Amino acid sequence: MQQSAPPLAVIAAALRRERDRAGISLTELARRAGLAKSTLSQLEAGTGNPSIETLWALGVALGIPFSRLVEPPPSPVRVVRAGEGPRLRSDHADFVATLLATGSPNTRRDIYVMELEPGEPREAEAHIPGSIEHIVVSSGRIRTGPVEEPVEVGPGDYVTFPGDVPHRYEALEPSRAVLIMEHR
């Protein structure tokens with residue numbers, strides 16, 4: 001049975017990343033994991049031959065799953081092709097929003113592509129307090145914003161408004177726009 005070597009470069013990068021995230025020194029992590037500082041230093045340098053027990057001890061000391069130390073991080077590049085992604089339809093207007101990305105707990109933002117057709121406007125209830133909407137129109141013309149203060153925007157225009165008050169989206173012609181929902 002052939003055994004493959006541990007992914008040393010992945011382990012080294014993960015240890016540095018997770019130790020920095022935790023805000024602890026090399027000495028402190030070695031102490032928490034019950035390892036010699038020289039052993040940990042070698043692992044962060046991409047040398048050495050860590051056992052599964054060593055990696056488990058480091059994962060426990062860092063408060064992370066073992067897998068985070070041995071699997072390469074996901075690619076920072078993510079592509080959502082046109083027509084892909086979950087499509088959310090309005091019950092009362094010819095309005096479709098495709099979710100492109102959700103924010104992590106630290107970023108608190110969602111990104112959508114909206115497709116709007118003339119007809120009944122989409123009336124939106126207030127979102128959670130501190131929500132802000134950012135819209136860039138790529139084609140067509142829409143009237144959007146707080147119910148009391150909508151504005152008309154067209155291709156290339158950007159508008160932002162509080163999302164924590166009732167607001168609306170009204171297509172004046174077939175339109176597409178990008179919506180970034182920010183939650184503070």
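Q: In what order do the four strands of the open sheet stand?
A: This is a predicted model, so let's read the sheet from its edges inward. Strand E4 (122–124) and strand E7 (151–153) each have a single partner strand, so one side of each is left without a neighbour in the sheet. The pairing is antiparallel, and the order is E4-E9-E6-E7.

Q: Which residue in E9 stands opposite arginine 143?
A: Start with the strands: E6 covers residues 142–146 and E9 covers residues 167–171. They pair in the antiparallel sense over five bridges. Across from arginine 143 you'll find glutamate 170.

Q: Why do the buried residues of H2 lie on the same side, and what arc do they cover?
A: Helix H2 (residues 26–33) buries Leu26, Leu29, Ala30 and Ala33. An α-helix has 3.6 residues a turn, so residues three or four places apart point the same way. The buried residues of H2 end up on the same side because their arc around the axis is only 100 degrees.

Q: Which helices do the buried residues of H2 pack against?
A: The residues doing the packing are Leu26, Leu29, Ala30 and Ala33. Their partners are helix H1 (8–22), helix H3 (37–44) and helix H4 (52–62).

Q: Are H1 and H3 roughly parallel or roughly perpendicular to each other?
A: Their axes come within 7 Å and cross at roughly 115 degrees. In the contact, Ala12, Leu15, Arg16 and Arg19 of H1 meet Leu40, Leu43 and Glu44 of H3. Since angles of 65 to 115 degrees count that way, H1 and H3 are therefore roughly perpendicular.

Key
Residues numbered from 1 in each chain as written. Predicted model: local features only at pLDDT ≥ 70, side-chain atom pairs only at ≥ 80, totals over all residues. Heavy atoms only, no water. Pairing = 2+ DSSP bridges. Helix = DSSP H or I, 4+ residues; strand = E, 2+ residues; numbered from the N terminus. Buried < 20%, exposed > 50% of the residue type's maximum accessible area, 1.4 Å probe, protein only. Arc of directions from axis to C-beta. Contact = heavy atoms within 4.5 Å. Axes fitted to C-alpha atoms, helices over the stretch in contact; angles between N-to-C directions. Parallel < 35°, antiparallel > 145°, perpendicular 65-115°, else oblique.
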